[in-house]
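Work through the exercises below with the sequence and the structure open. Each task is followed by a solution in steps.

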Amino acid sequence: MRSIKLLTDAVGPASCAVDRWYVSDGATAVGPVGIELIARGLEAGKVPLESYVRHEAWKVWRPLSELAVVSVDSAAPTPPYHPRPAETIPGSVMDDITLPGRPVFPDEVMPQDVLAGAADLDDALLLLFNASVLRTGADAGLVHVVRPGGAVVLYAHGPFSRDMVGERTSLVDPVLAAAVEGNTVVAEPAPGPAGQALKDRLLHLGVACEAAWMVPVLAGGRLVAAIELGRKAPRVRASELAIVEALVDALANRADHDAW
């Protein structure tokens, strides 16, 4: 049996004064809730340790694992594990909907829930990116946000992600040029100029991607960001594109509503 304590005293007195937190597993964001409720959810296995958490006063999300101290009672018996026979699982669909790389369907993710608690556009893009990586099992990814003079990598996922954050890309880049027109780019089965540029850029993250795609984020009729994702395994599923596009649509609606 395990018990979990969340070290809220390590994140500053302002965060401890008001017990109002948001937690996101990449598919949904819940809150505000008390920190003890999150801890009980962790102990019960209802909240993944890989989730992100944000206090109401914060402007950024942090990995929940940074705040969690897990202790295990070694005397407690370990419950038996009975795996489900592989032949009863249709295709590659698994029972655990939180499993990265599992095929997903539009009715399993509520895009507006993913973005709950976002303080601004950059915050919403992080939640969107986290959900997209989780739900598609992406091995590499970039979020380009449009700034004066071009686009800048705001978030990255991959072995060399820190090296890519802050990199600038011209809007005449073939991928971003397609994004400005509101077009999605899928670099398969045979990548064109935009698809090849996309795969080359993801290679800078240290991942040779067989499958790669980009979804533009438009708000108020203009490009505000572009989400690039890639995976070592070939083939992009239509359901995965649908999920990312639904998340992008929800962000665009939220951006228009909140005037981000």
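**Exercise 1: the sheet**

Strand 10 and strand 11 run antiparallel and are joined by two bridges. The model is a predicted one, in which local features need pLDDT of at least 70 and side-chain atom pairs count only at pLDDT 80 or more, while totals for chains, interfaces and linings use all residues. Residues are numbered from 1 along each chain as its sequence is written, and side-chain values use heavy atoms, with hydrogens and water left out.

Task: starting from this pair, find the order of the strands in the open sheet and state which strands are at the edges.

Solution.
- Step 1. Terms: strands (E, at least two residues) and helices (H or I, at least four) are DSSP runs numbered from the N terminus; two strands pair if DSSP finds at least two bridges between them.
- Step 2. Locate a bridge between strands 10 and 11: Val186 has Trp213 in strand 11 as its bridge partner.
- Step 3. At the other end, strand 8 is joined to strand 9 by two bridges, again antiparallel, and Ala151 stands opposite Thr169 in strand 9.
- Step 4. Strand 7 and strand 8 (residues 150-157) pair in the antiparallel sense over seven bridges; His144 is opposite Val153 in strand 8.
- Step 5. Two residues separate strands 7 and 8 in a hairpin, and Gly149 in the turn has a positive phi of about 95°.
- Step 6. The open sheet has six strands in the order 9-8-7-12-11-10, with antiparallel pairing. Strand 9 and strand 10 (185-186) are the edge strands, since each pairs on one side only.

**Exercise 2: helix 4 and the nonpolar cores**

Task: compare the span of helix 4 with the expected value, then state what helix 4 gives to the largest nonpolar core.

Solution.
- Step 1. The expected span is 1.5 Å times one less than the number of residues. For the 16 residues of helix 4 this gives 22 Å, and the end C-alpha atoms are 22 Å apart, so the two agree.
- Step 2. Check the ends. At the start, a side-chain oxygen of Asp120 comes to within 3.3 Å of the backbone nitrogen of Asp122; this is a polar contact (a pair of N or O atoms within 3.5 Å; within protein, one must be able to donate a hydrogen and the other to accept it, and residues adjacent in sequence count only if both atoms are side-chain atoms). After the helix comes Gly137, with a positive phi near 65°.
- Step 3. Buried means under 20% relative accessible area, exposed over 50%, and partly exposed in between (1.4 Å probe, protein chains only). In helix 4, 15 of 16 residues are buried.
- Step 4. A nonpolar core is a set of buried Ala, Val, Leu, Ile, Met, Phe, Trp, Tyr and Cys residues joined through side-chain atoms within 4.5 Å. The largest has 36 residues, and Leu115, Leu125, Trp213, Ile227, Leu229 and Leu251 have the most contacts inside it.
- Step 5. Two or more residues of this core come from each of helix 4 (121-136), strand 7 (140-147), strand 11 (211-219), strand 12 (222-231) and helix 8 (238-258). Helix 4 gives the most, with nine residues.
- Step 6. Contact means heavy atoms within 4.5 Å. Not counting residues up to four places away in sequence, Leu125 touches Val143, Val145, Leu154, Tyr155, Ala225, Ile227 and Leu251.
- Step 7. A second, separate core has 22 residues, including Ala194, Leu202, Ala212 and Ala226.

**Exercise 3: a polar residue in helix 4**

Task: is Ser132 buried or exposed, and which backbone oxygen does its side chain reach?

Solution.
- Step 1. Ser132 is found in helix 4 and counts as buried because its relative accessibility is 0%.
- Step 2. The Ser132 side chain reaches the backbone oxygen of Leu128 at 2.8 Å.
- Step 3. Residues up to four places away in sequence aside, Ser132 touches Leu229, Val244 and Leu247.

**Exercise 4: the salt bridges of Arg201**

Task: which residues form salt bridges with Arg201, and what parts do these pairs tie together?

Solution.
- Step 1. A salt bridge is a side-chain nitrogen of Lys or Arg within 4 Å of a carboxyl oxygen of Asp or Glu. The whole structure has five.
- Step 2. Arg201 pairs with Asp173, with the closest N and O atoms 3.0 Å apart. Arg201 lies in helix 7 (residues 193-203) and Asp173 in the loop between strand 9 (168-169) and helix 6 (174-180), so the pair ties together parts 28 residues apart in sequence.
- Step 3. Arg201 also forms a salt bridge with Glu228, the closest N and O atoms being 2.7 Å apart. Glu228 lies in strand 12, so this pair links parts that are 27 residues apart in sequence.
- Step 4. Arg201 counts as buried at 10% relative accessibility, and Glu228 is buried at 0%. Asp173 is buried as well.
- Step 5. Shared partners join Asp173, Arg201 and Glu228 into one network of salt bridges.
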